[in-house]
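Dear colleague,

I am passing on the structure below, which I believe you have not worked with before. Please have it open beside this message as you read.

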Amino acid sequence: MKHIPALIIYLLLAIGPIQAQNVRFTNQGVIEFERSVNTHAILKKMVGNQSNSYLSDAYENYKRTQPQFKKLNSTLYFAGNQTLFSPIANETAGSNFIQIPFGTQDNITYTDLTTGLFTSQKKFFEETFLLKDTVRKINWKLTGEMRNIAGYECRRANAIVADSIYIVAFYTDKIPVSGGPESFNGLPGMILGLAMPHEHVTWFATKVTDRPVTGNELKPPVKGKPKDRKGLQEAVSTFAAKSGNWGKYALKTLFL
């Protein structure tokens with residue numbers, strides 16, 4: 001009997017390393033994301049308090065005939081410090097006569113976190129641009145809030161981007177790659193959840209597949225007119241300024 005306490009201590013010490021061995025750190029694989037867009041809320045903000053009866057009627061008709069939330073799917077391939085975020089074709093995308101900002105998913109973004117450079121193929125009306133620039137620096141503030149996403153415990157972080165857009169991210173250090181959906185990055189682990197509450201759009205991982213990723217799955221996009229951030233801003237800002245609330249929202253989607 002006098003040996004039982006010693007045996008218990010031994011077992012407890014042994015169990016610890018066994019449990020630790022079950023924690024797997026993923027360095028490469030594929031993440032499936034779902035973007036959820038509150039189209040009713042976005043359209044209401046775009047229409048605003050305008051007295052234009054056509055816009056008001058269009059908004060009311062949209063609410064009656066279209067679902068409030070639009071779902072769009074995408075994938076994020078990652079290996080080492082490289083990521084490639086790209087949309088999955090969705091048959092409902094762009095099917096309505098009212099084009100809702102954030103309601104289509106056109107961006108294809110390749111990021112090399114080692115060099116600090118990224119390449120993103122973006123569509124603006126009938127124009128396709130190829131944005132090449134340095135990785136965006138985001139001043140994240142970590143919090144103590146936790147949330148389980150796709151089987152991973154994730155920690156919350158908040159930030160402001162583009163001077164005024166408030167974002168909430170949830171990242172996991174079990175995927176030690178500082179990437180995320182679109183061009184969001186800069187946290188000590190992979191972003192599996194992202195929300196822009198005031199813009200009424202979210203991205204959340206639905207599945208993480210731990211598997212080898214080939215070079216062919218991490219190829220940067222090549223289509224479009226080459227621009228850096230400044231050049232892209234100059235190319236679209238004049239048109240956007242003439243488009244009122246729609247143009248303002250369109251610019252936000254372009255520079256995600």
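What follows is an account of the aromatic pairs, the nonpolar cores and the salt bridges.

Please keep in mind that this is a predicted model.

I began with the aromatic rings, where a search of the whole structure finds two pairs. In one of them, F33 and F85 meet edge-to-face, with 6.3 Å from centre to centre and 65° between the planes. F33 belongs to strand β1 (residues 28-38) and F85 to strand β3 (residues 82-87), so this pair ties together parts that lie 52 residues apart in sequence. F33 counts as buried at 2% relative accessibility, and F85 counts as buried at 0%.

The other pair, F184 and W203, is tilted, with the centres 6.2 Å apart and the planes at 55°. Because F184 sits in the loop between β9 (165-172) and β10 (190-196) while W203 is in strand β11 (residues 201-210), the pair ties together parts that are 19 residues apart in sequence. F184 is buried, at a relative accessible area of 1%, and W203 is buried as well, at 0%. F184 also has a charged neighbour, since R136 lies over the face of its ring at 4.8 Å from the ring centre. A similar arrangement involves R147, which lies over the face of F170 at 5.7 Å from the ring centre.

Turning to the interior, the largest nonpolar core has 45 residues, and those with the most contacts inside it are I31, W140, I175, L192 and M196. The elements that give two or more residues to this core include β1, α2 (39-47), α3 (53-65) and β2 (69-79). M196 touches, among others, both F184 and W203, as well as F102, I165 and L256. There is also a second, separate core of eleven residues, which includes F118, V135, L251 and L254.

Finally, a search of the whole structure finds seven salt bridges. One of them joins the side chains of E127 and K225, at 3.1 Å from N to O. E127 lies in strand β6 (residues 127-134) and K225 in strand β12 (residues 225-227), so the pair ties together parts that are 98 residues apart in sequence. E127 counts as partly exposed at 33% relative accessibility, and K225 counts as partly exposed at 41%. Another salt bridge is formed by R211 and E217, at 2.8 Å from N to O; here R211 is partly exposed, with a relative accessible area of 27%, and E217 is partly exposed, with 22%.

With best wishes

Terms used: Residues numbered from 1 in each chain as written. Predicted model: local features only at pLDDT ≥ 70, side-chain atom pairs only at ≥ 80, totals over all residues. Heavy atoms only, no water. Phe/Tyr/Trp six-rings, centres within 6.5 Å; stacked < 30°, edge-to-face > 60°. Helix = DSSP H or I, 4+ residues; strand = E, 2+ residues; numbered from the N terminus. Buried < 20%, exposed > 50% of the residue type's maximum accessible area, 1.4 Å probe, protein only. Lys NZ or Arg CZ within 6 Å of the ring centre and 35° of its normal. Core = buried A, V, L, I, M, F, W, Y, C linked by side-chain atoms within 4.5 Å. Contact = heavy atoms within 4.5 Å. Salt bridge = Lys/Arg side-chain N within 4 Å of Asp/Glu carboxyl O. Lists of a residue's contacts leave out its neighbours within four places in sequence.
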